[in-house]
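Take a walk through this protein model, from its confidence scores to its inner spaces and charged pairs. Keep the 3D view open as you read.

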Amino acid sequence: MIKKSIEEREKKMRKKWWIFLIIILAIIALVGILLVIPKKKSELKEGKTKIVTSFYPIYIMTLNLTQGAQNIEITNLAQNDVGCLHDYTLSTADMKKIENADILIQNGLGLENFIDKIIEAYSNLKIINSGEEIINKIQEGDKVNPHIWTSIENYTKQIEVITQKLCEYNPENAQIYQANYQKYLKTLNDLKLEYNTKLQKLNGSKVICLNETLTYLARDLQMQVTSVETNHEESTLSADTVKNIIEKMKQENIKIIFVGSEDDLKNAQTLAAETGAKIYSLETAMVGEVNKDAYITKMTENLEVLKQIENR
């Protein structure tokens, strides 16, 4: 009887032990699952859509359109102080940036003369050409002025194209891109309205542009523009060119000279001294700090400078 009682107790103990062991194993399995799930989520976050922009103006556009977008990574190809890309040569570091990129956003219109090299090296890279729908291009002979972004109207068309393509290539963020586009568009339209209402007296005024980037801005103001190609360094103007410009300014009574804020003023000062014209230094929005509001800030600064012409 006693032996039987002992056996029953041992049997119950073994049963409790097995139950305890099963519970422990179940807890271990649950903990393992919980540890694995976050790991998988982090792995998903690493699978980002990598976007490369060609240079500063396109970078600022893209920053505005991608605010709050998930699983993306944005890199600017050229340094923010490079300026125009006319004679830009890709470095090894640049090619490294593009190596794992999914999307490249460019200005277009021949500004990025290295684009064919990139396409040849990375045939699967999706290219967004922000200038492809610009109709009212400034053209002299067979050369197109590609500095379209200083026209607020052109700028809004560029962000429209970028938004459409980003929605196509990265649909998971389409709603965010569209919402950002509408918000940015409203800000740009408000600025454009200020330009139209506060600078009406500039309509028909004659101006010498010593930085072809500003030609689109002057045209939007319906000014009569004489654009001088300087490669953004006025020191490149020859003595004959300076002489011819002075003669033109005297003959046509041109009293306004536009230069970029980053330009050398040497030749502008010569022209002003010979003709009595005044120099107005304007932002080209081609270089600057990493700030999504940079374009709006720079164009607002230009508005204040241009008001000085109105009030002279």
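The paragraphs below cover confidence, the cavity, the pocket, two buried residues and the salt bridges.

Start with how far to trust the coordinates. This is a predicted model. The protein chain averages a pLDDT of 87. Of the residues, 85% score at least 70. One stretch falls well outside that group: over residues 36-45, pLDDT stays under 50. For this stretch the model has two contacts beyond four places in sequence.

Now look inside. How many cavities of 30 Å³ or more does a search of the whole structure find? The search finds one. About 50 Å³ of space lies in this cavity. Its lining is made up of Tyr56, Pro57, Ile60, Trp149, Tyr155, Ala285, Ala294, Tyr295 and Lys298. By class, eight of the lining residues are nonpolar, none is polar and one is charged. The charged one is Lys298, because Lys counts as charged and the other residue types in the lining count as nonpolar. Two helices each supply at least two residues of the lining: helix 2 (56-65) and helix 10 (294-310).

Stay with helix 2 for a moment. Is this helix mostly covered or mostly open? Helix 2 is mostly covered, with 10 of its 10 residues buried. Three of those buried residues are Tyr56, Pro57 and Ile60, and these also line the cavity. The buried set includes Thr62 and Asn64 as well.

Next comes the open space. The largest pocket holds about 310 Å³. Strand 5 (139-140) and strand 6 (143-144) are the elements that give two or more residues to its lining. In total, 16 residues line the pocket. Nearest its centre lie Lys143, Val144, Asn145, Glu212 and Glu229. The chemistry of the pocket lining is mixed: five residues are nonpolar, seven are polar and four are charged.

Asn145 leads on to a buried residue, Tyr216. The two are in contact. Tyr216 sits in helix 7 (residues 215-220). Why does Tyr216 count as buried? Its relative accessible area is 0%, and buried means under 20%. Leaving aside residues up to four places away in sequence, Tyr216 touches Asn136, Lys137, Ile138, Asn145, His147, Ile148, Thr150, Ser151 and Asn154. Compare also Tyr216 and Ile152. They are 64 residues apart in sequence, yet their C-alpha atoms are 8.9 Å apart in space.

Asn154 is the next stop. It lies in helix 5 (residues 152-169). Asn154 counts as buried because its relative accessibility is 2%. With residues up to four places away in sequence set aside, Asn154 touches Ile134, Asn136, Ile148, Tyr216 and Arg219. Asn136 and Ile148 are also on the contact list of Tyr216.

Finish with the charged pairs. The whole structure has 11 salt bridges. Three of them are worth a look here.

Glu99 pairs with Lys96, and their closest N and O atoms are 3.2 Å apart. Both residues lie in helix 3 (residues 92-99), three residues apart, which is about one turn of the helix. How do the two partners differ in exposure? Glu99 is partly exposed, with a relative accessible area of 38%. Lys96 is exposed, at 57%.

Helix 5 returns in the next pair. The side chains of Lys157 and Glu133 form a salt bridge, 3.8 Å from N to O. This pair links distant parts of the chain. Lys157 is in helix 5, Glu133 is in the loop between strand 4 (126-129) and strand 5, and 24 residues separate them. Lys157 is partly exposed at 25% relative accessibility. Glu133 is partly exposed too, at 34%.

The third pair is Lys206 and Glu252, whose side chains meet at 4.0 Å, N to O. Lys206 lies in strand 7 (residues 206-209) and Glu252 in helix 8 (residues 239-252), so the bridge ties together parts that are 46 residues apart in sequence. Lys206 is partly exposed at 29% relative accessibility, and Glu252 is partly exposed at 31%.

Some bridges also share partners. In this way Glu133, Lys157 and Glu160 are joined into one network.

Note on methods. Residues numbered from 1 in each chain as written. Predicted model: local features only at pLDDT ≥ 70, side-chain atom pairs only at ≥ 80, totals over all residues. Heavy atoms only, no water. pLDDT = per-residue confidence, 0-100. Contact = heavy atoms within 4.5 Å. 1 Å grid on protein atoms, 1.4 Å probe; cavity = no way out; pocket = protein on both sides within 12 Å on 5 of 7 lines; lining within 4 Å. Points joined across faces, edges and corners; volume = space filled by probe spheres on them. Helix = DSSP H or I, 4+ residues; strand = E, 2+ residues; numbered from the N terminus. Buried < 20%, exposed > 50% of the residue type's maximum accessible area, 1.4 Å probe, protein only.
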